[in-house]
Amino acid sequence: MKQFNNFIGGAWIAPDSGEYFENRNPANRDDVIGRFPLSGPTDVDRAVKSATRGFADWRSTPAPARGDVLRIVGDIMATRKEEIADAMTREMGKPLTETRGDVQEGIDTAYYAASEGRRLFGHTVPSELRNKWAMSYRRPIGVAGIICPFNFPMAIPTWKMFPALVCGNACVFKPAEDVPHTATILVEILLEAGLPPEVIQLVHGTGEEVGAAIVEHPGVPLISFTGSTETGSIVGAVCGRMHKRLSLEMGGKNAQIVMADADLDLALEGALWGAFGTTGQRCTATSRLILHTGIHDRFLSMLVDRARTLKLGDGRKEGTDVGPMISEAAVDKVERYIDIGQADGADLLCGGRRPDDGKLGNGNFFEPTIFARVEAGSRLEQEEIFGPVLSVVRVASADEAFTVNNDVRYGLSSSIYTRDVNVAFRALNDLDNGITYVNAPTIGAEAHLPFGGVKQTGNGHREGGWQVYEFYSETKVGYADFSGTLQRAQIDNYLGAPD
Ligand code: NAD
């Protein structure tokens, strides 16, 4: 069985513990992908010291040259797209169409980052005094701790590391324990593209050991975390105490609203893709469907008919619509919510169980599940399940739909299907989310726009697009006074110095 290592100090090395964990294919647990390091705080410490050395040089590399490395990264990823997608599906389950999209998002992010190396704009603004210049410009921050979830094994690390690198920072990367192979491929590509080896460190292991050690390390001034709101709270508490710069992207409970005037065929495709794509394990997954009473029964029966036809299976096989969940523990969690929903009186219309099909018995499969008559405010409707479970709520008006959408602790994505332009724009205005789609599902972010959520989904930062570059760089202001005299801001002005 292939054994993989950490990348620390410019070399692929074993963890201090000498221990490894197995990474298995969630569609077939007999298929072992490899053994990966179970690292600990001493490995993290070595990685941070090396990254600090890497940063010293990288920060003074011209930003356009840093961007050129990312351009080559994008080229290599494009050449290896199919192979990376296959490896990703093997280790985390989603079908190849989706993993190809995940790699493409990395490619798009690389090319955006490459061009951003020639911008990284500051401002030059007029001074209030004569013969004086005032300008703002960006500086890198230092070693960035990058902690990622399992569901977008390529896209999310690239969202974080590519802008961090273009801004001149070094990275210590801790991937989710479920997707260490894709992370290894990404680091190999960065090195092949010419990134100086000490600028990137890869430390495998658990969140409690490796993740926590990165967050607590005094040599890491900046943490970018994507994962559950619960883990984000732990990370946030440490960063608050240590005054670290922190970007949090966390859980969601996203809703699709379908109004009575909607194109129902279009809304149906959106609901199926939003709820059951990535087996419901997207932060932007549609887990609530808010149906106007005028189309409720008709739409529900269309939806259940189609959901029953979705084909569960190995994501690497042609014809698979829905892959496995990431782990047995994730399936157990979904099963607990099936019990909760039934105990609360919701109607289980389809799914709600592991498939009978013996061929799927070795994988973490769960049938696409739809609950109707779900009460707003119930646990099924409020809590992030992170699986193929859709809860349907009936409403009588747009106002009621907006209230249901907003009355959760999360605020990532939302969607509305309607032909009424006024209702569509009211939704864009009034839905409390970082993203609202009109006549499209809750999923499908584009790499060049800011991505993130409000309330307990985030802490005000955004990934993607131009905005993330603010997070990975410090704004500094420079003044140059060439008047040859002492000019006092706010005291001396164009009218001349007071007597
Ligand atoms: P998770 O919180 O279990 O783990 C995320 C990462 O944090 C992993 O690398 C894990 O090892 C690490 N970690 C765990 N404990 C830690 C600790 N004490 N200190 C530091 N790091 C620690 O999340 P997951 O199961 O991998 O991913 C699913 C969650 O991620 C869902 O809640 C989903 O909504 C969220 N998510 C959010 C976004 C977004 O952009 N908002 C995107 C993808 C996923």
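The exercises below work through strands, sheets, aromatic pairs and burial in a predicted model.

**Exercise 1. The surroundings of strand β7**

Task: Determine which strands pair with β7, in which sense, and whether the residues of β7 are buried or exposed.

Solution.
Step 1. Start with the partner β8, residues 170-174: β7 and β8 pair in the parallel sense, over five bridges. Within this pairing, I146 stands opposite F173. The chain gets from β7 to β8 through α5, and this β-α-β crossover is right-handed.
Step 2. Turn to β10. Four bridges join β7 and β10, again in the parallel sense. Here G145 of β7 stands opposite I223.
Step 3. Sort the side chains. In a regular strand, side chains alternate between the two faces of the sheet. In β7, V143, G145 and I147 point one way, while A144 and I146 point the other way.
Step 4. Check burial. Five of the five residues of β7 are buried, so the strand is largely enclosed by the rest of the structure.

**Exercise 2. From β10 to β11**

Task: Describe how β10 and β11 pair and what handedness the unit they make with α8 has.

Solution.
Step 1. Strand β10 covers residues 222-226 and pairs with β11 in the parallel sense, over five bridges.
Step 2. To fix the register, take I223, which stands opposite L246 in β11.
Step 3. Add the connecting helix α8, residues 229-242: β10, α8 and β11 make a right-handed β-α-β unit.
Step 4. For burial, consider β11, residues 245-249. Four of its five residues are buried, and the strand is mostly covered.

**Exercise 3. Two open sheets**

Task: Give the strand order of the seven-stranded sheet and of the three-stranded sheet, and name the edge strands of each.

Solution.
Step 1. The seven-stranded sheet is open, has mixed pairing and runs in the order β14-β15-β16-β13-β12-β18-β19. Its edges are β14 (347-350) and β19 (435-438), each of which pairs on one side only. From one strand to the next, the twist averages 20 degrees.
Step 2. Look inside this sheet at β12 (residues 254-258) and β13 (residues 286-292), which are parallel and share five bridges. N254 is placed opposite T286 of β13.
Step 3. Find a helix packed on the sheet. Helix α14, residues 421-430, lies across β18 and β19 and runs at about 170 degrees to β19.
Step 4. The three-stranded sheet is also open, with antiparallel pairing in the order β5-β6-β21. Its edge strands are β5 (123-126) and β21 (473-481). Neighbouring strands are turned by 20 degrees against each other on average, direction ignored.
Step 5. In the antiparallel pair of β6 (residues 132-140) and β21, nine bridges join the strands. K132 stands opposite D481 there. K132 also lies over the face of Y479, 4.6 Å from the ring centre.

**Exercise 4. Aromatic pairs**

Task: State how many aromatic pairs there are, then characterise the pair of F150 and F386.

Solution.
Step 1. The count comes to seven aromatic pairs.
Step 2. A pair of rings is described by the distance of the centres and the angle of the planes. For F150 and F386 these are 6.0 Å and 85 degrees. Planes over 60 degrees apart count as edge-to-face, so this pair falls in that class.
Step 3. Locate the partners. F150 is in the loop between β7 and α5 and F386 in the loop between α12 and β16, so the pair ties together parts that are 236 residues apart in sequence.
Step 4. Use the 20% cut-off for burial. F150, at 13% relative accessible area, is buried, whereas F386, at 22%, is partly exposed.
Step 5. Repeat for F471 and Y472, which are edge-to-face with 4.9 Å between centres and 80 degrees between planes. F471 is buried at 3%, and Y472 is buried at 0%.

**Exercise 5. The contacts of A267**

Task: Find which residues A267 touches, leaving out those up to four places away in sequence.

Solution.
Step 1. A267 is found in helix α9, residues 264-276. Its relative accessibility is 0%, so A267 counts as buried.
Step 2. With that exclusion, A267 touches Q256, V258, F299 and Y417.
Step 3. For Q256, 11 residues away along the chain, the C-alpha separation from A267 is 8.8 Å.

Key:
Residues numbered from 1 in each chain as written. Predicted model: local features only at pLDDT ≥ 70, side-chain atom pairs only at ≥ 80, totals over all residues. Heavy atoms only, no water. Pairing = 2+ DSSP bridges. Axes fitted to C-alpha atoms, helices over the stretch in contact; angles between N-to-C directions. Contact = heavy atoms within 4.5 Å. Buried < 20%, exposed > 50% of the residue type's maximum accessible area, 1.4 Å probe, protein only. Right-handed = clockwise from strand over helix to strand, strands pointing away. Phe/Tyr/Trp six-rings, centres within 6.5 Å; stacked < 30°, edge-to-face > 60°. Lys NZ or Arg CZ within 6 Å of the ring centre and 35° of its normal.
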